[in-house]
Amino acid sequence: MQVDHHDIYAEFPDMRPAIDALRKCHPRFSHLFSQYQRLTGQVEDLEEHDMPVSDHTLEYMKKHRVKLKDELFHLLTAFQAGQQFQNQA
């Protein structure tokens with residue numbers, strides 16, 4: 001089965017510096033990042049190995065991953081906006 005990889009760095013390639021910075025200094029971001037990466041690994045493993053799992057369970061996992069990704073994106077954009085603001089001062 002063809003598996004799409006959803007690594008957060010691949011999802012937001014232009015935000016790599018912000019991801020690295022927030023992972024080091026923002027505990028909430030770091031926690032969400034870890035959850036996202038772990039969940040992504042689980043989903044990809046299930047899909048790659050055609051492991052038996054209910055459609056409902058897989059759909060729930062994917063929806064949760066999207067929610068985590070959205071939270072990460074909001075933190076990243078807020079961080080980048082703050083950085084841009086500081087650079088303009």
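**Helix α2 and its neighbours in a four-helix chain**

Let me begin with a single residue, Arg 23, which is found in helix α2, and let me say at once that everything I describe comes from a predicted model. Arg 23 has a relative accessibility of 38%, and therefore counts as partly exposed, a class that lies between the buried cut-off of under 20% and the exposed cut-off of over 50%. If we leave aside the neighbours within four places in sequence, Arg 23 is in contact with Tyr 9, Phe 29, Ser 30 and Phe 33. There is also a spacing to note here, since Arg 23 and Ser 34 stand eleven residues apart in sequence, while their C-alpha atoms are 9.3 Å apart in space.

Now to the chain as a whole. The protein chain has four helices and zero strands, and the order of its elements from the N terminus on is α-α-α-α. Of its 89 residues, 27% count as buried, and the chain exposes about 6100 Å², with carbon and sulfur atoms supplying 53% of that area. When we take the contacts between residues at least 6 apart in sequence, 69% of them join residues at least 24 apart.

With that in hand, I would like to return to helix α2 and ask how it sits against helix α3. In general, two packed helices are described by the angle between their axes and the distance between the axes. Here the axes of α2, residues 16–25, and α3, residues 27–48, come within 6 Å and cross at roughly 110°. Because angles of 65 to 115 degrees count as roughly perpendicular, α2 is roughly perpendicular to α3. The crossing in which α2 passes α3 is left-handed. On the α2 side the contact is made by Ile 19, Leu 22, Arg 23 and Cys 25, and on the α3 side by Pro 27, Phe 29, Ser 30 and Phe 33. By residue type, this contact of α2 with α3 divides into six nonpolar residues, one polar and one charged.

Which residues does Leu 22 touch, not counting those up to four places away in sequence? They are Phe 29, Ser 30, Leu 75, Leu 76 and Phe 79. Leu 22, found in helix α2, has a relative accessible area of 3%, so it is buried, whereas Arg 23 is partly exposed. The C-alpha atoms of Leu 22 and Phe 33 are separated by 9.6 Å, and these two residues are eleven apart along the chain.

Moving along helix α3, we come to Thr 40, whose place is in that helix. Is Thr 40 buried or exposed? Its relative accessibility is 4%, and it therefore counts as buried. Leaving aside its neighbours within four places in sequence, Thr 40 is in contact with His 6, Asp 7 and Arg 65.

My last residue is Met 61, which is found in helix α4, residues 55–88. Met 61 counts as buried because its relative accessibility is 12%, and the cut-off for buried is under 20%. Not counting residues up to four places away in sequence, Met 61 touches Leu 39, Gln 42, Val 43 and Leu 46. For one of these partners, Gln 42, I can also give a spacing, as Met 61 and Gln 42 are 19 residues apart in sequence and 8.8 Å apart in space, C-alpha to C-alpha.

Conventions
Residues numbered from 1 in each chain as written. Predicted model: local features only at pLDDT ≥ 70, side-chain atom pairs only at ≥ 80, totals over all residues. Heavy atoms only, no water. Axes fitted to C-alpha atoms, helices over the stretch in contact; angles between N-to-C directions. Helix = DSSP H or I, 4+ residues; strand = E, 2+ residues; numbered from the N terminus. Parallel < 35°, antiparallel > 145°, perpendicular 65-115°, else oblique. Left-handed = near helix turned anticlockwise from the far one by under 90°. Contact = heavy atoms within 4.5 Å. Nonpolar A, V, L, I, M, F, W, Y, C, P; charged D, E, K, R; others polar. Buried < 20%, exposed > 50% of the residue type's maximum accessible area, 1.4 Å probe, protein only. Areas by Shrake-Rupley, 256 points an atom, 1.4 Å probe, with all protein chains shown as cover.
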